[in-house]
Amino acid sequence: MPAYLDHASTTPLHPAARQALLVALDEGWADPARLYREGRRARMLLDAARESVASDLGARPDEISFTSSGTAAASAALLGTAAARRRAGDVVVVSAVEHSSVLHAAAHHEQAGGRVVQVGVDAFGRVDPAAFTAPPGTAVASLQHANHEVGVLQPVAEVAERLHAAGVPLHTDAAVTVGHIPVDLRALGADLLTASAHKFGGPAGVGLLAVRTGTRWRSPGPTDEREGGRVPGFPDVPSIVATAAALAARGSELDAEGPRLAALGAELRGRLPTLIDGVELLGDPSPAGSVRHICAFSCLYVAGEALLDGLDRAGIAVSSGSSCTSDALTPSHVLVAMGALTHGNLRVSFGRDSTRADVDALLAVLPGVVREVRARFGAADLDPTL
């Protein structure tokens, strides 16, 4: 296709992950819990993958577990900590712009009789650390490392310090940042961290769950002997090995890729207002305020779904709203919380294969699509400044 620009939803399998997967399919197919030769070989591969991921995330190997998805990891992190700290209270604190996996877990906690407190954000989508407080009876709090729709980075370390002073653990959803910027669990100060392999070039179906030593956690569901009692079921060793390979390879690419993707994002942001009237750029425009691979904006007087359709017909793949709720009819909860325009929203996200040609392909098509949609709905002559 002319331009795939939805890498924040999922990105192609990294070549290093593909190679590791093919080898592990032959070498790591057996049950790693068995003591015969094939089982021992699979266990060695699993242990090596765990050590590699732990090293890349600044964690200990025994703090890392592999789940079936990033969503499963986030649910386990939040609900497991709430279950273990039931005596401390029944309050779960989340930001208003968390990924739906975290908000759904919080809603499940509330439906089971717990309480949920949401913390608002500013116009960039960022929380105020001073406002991210833990009321009496708080069991756990969750604050994403970066937002999945607009890319803004959150003050996780400062919030963690404040929460720890009150004796409250913090979970951070790092699905947007792991494999895209350096992430160190202890430097962040978070007690739990989750991520998703397919976001950084690993295979789909693998989530990362890090639970720091000393953090009270109890499985919210049935357990068995797998993954230290945190994740039941047979581990997908080949996919886990491929995940570790992808994460390690991404770490070696970040120094070169970061500035390159930042330049693509800056060019897109700079050219959009000159080509299309009525464009609202979303998130923090400062280089240090957001991740480099996400650029979000809204176009006045158009629907995001109509823009997606027009771009898709031209072979351009982007997303509108959240990567997990783009097929829903409800407005983006992130944009609502920011007080931003919820219609005509597009998210462009770059990956390791993205080039300036992708930006050129998008901008060659998008102005015409916007004009076509506005004309279709009688908005072509409206003054976007009104």
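The paragraphs below describe the sheets, a helix pair, two backbone conformations and the cysteines of this predicted model.

The description begins with the seven-stranded sheet. Here 7 strands form an open sheet in the order S2-S8-S7-S6-S5-S3-S4, and the pairing is mixed. Its edges are strand S2 (64-67) and strand S4 (115-119), each of which pairs on one side only. On average, neighbouring strands of this sheet are turned by 20° against each other, with direction ignored. Within the sheet, strand S6 (residues 170-173) and strand S7 (residues 192-196) are joined by 3 bridges in the parallel sense. In this pair, His-171 stands opposite Leu-192 in S7. Helix H5 (residues 156-165) packs on the sheet, where it touches strand S5 (138-142) and S6. The direction of H5 makes about 165° with that of S6.

A second sheet is built from 3 strands. It is open, follows the order S9-S10-S12, and has antiparallel pairing. Strand S9 (279-282) and strand S12 (345-349) stand at the edges; because each has a single partner strand, one side of each is left without a neighbour in the sheet. The average turn between neighbouring strands is 25° in this sheet, again with direction ignored. S9 and S10 run antiparallel and are joined by 4 bridges. Leu-281 stands opposite Phe-297 in S10.

The packing of helices can be followed in H3 and H4. Two packed helices are described by the angle between their axes and the distance between the axes. For helix H3 (residues 70-84) and helix H4 (residues 100-111), the angle is about 35° and the axes are 9 Å apart. The crossing of H3 and H4 is right-handed. On the H3 side, the contact is made by Thr-71, Ala-74, Ser-75, Leu-78, Leu-79 and Ala-82. H4 contributes Ser-101, Val-102, Ala-105, Ala-106, His-108 and His-109. By residue class, the contact of H3 with H4 comprises 7 nonpolar residues, 5 polar residues and no charged ones.

Two residues other than glycine have positive phi values and deserve a separate look. Glu-227 has a phi near 50° and is found in the loop between strand S8 (207-211) and helix H7 (237-275). Glu-227 is classed as buried because its relative accessible area is 11%, under the 20% limit for that class. Tyr-301, also not a glycine, has a positive phi of about 70°. Tyr-301 is found in the loop between strand S10 (294-299) and helix H8 (304-313). With a relative accessible area of 31%, Tyr-301 is partly exposed.

The cysteines complete the description. Why does Cys-295 form no bond with Cys-299, which holds the closest cysteine sulfur? The sulfur of Cys-295 is 11 Å from that of Cys-299, and this is too far for a bond, since a disulfide requires a pair of cysteine sulfur atoms within 2.5 Å. Cys-299 is likewise in no disulfide, its nearest cysteine sulfur being that of Cys-295. The count for the model is accordingly 0 disulfides. Cys-295 is buried, with a relative accessible area of 1%, and Cys-299 is buried as well, with a value of 0%.

Notes: Residues numbered from 1 in each chain as written. Predicted model: local features only at pLDDT ≥ 70, side-chain atom pairs only at ≥ 80, totals over all residues. Heavy atoms only, no water. Buried < 20%, exposed > 50% of the residue type's maximum accessible area, 1.4 Å probe, protein only. Axes fitted to C-alpha atoms, helices over the stretch in contact; angles between N-to-C directions. Left-handed = near helix turned anticlockwise from the far one by under 90°. Contact = heavy atoms within 4.5 Å. Nonpolar A, V, L, I, M, F, W, Y, C, P; charged D, E, K, R; others polar. Pairing = 2+ DSSP bridges.
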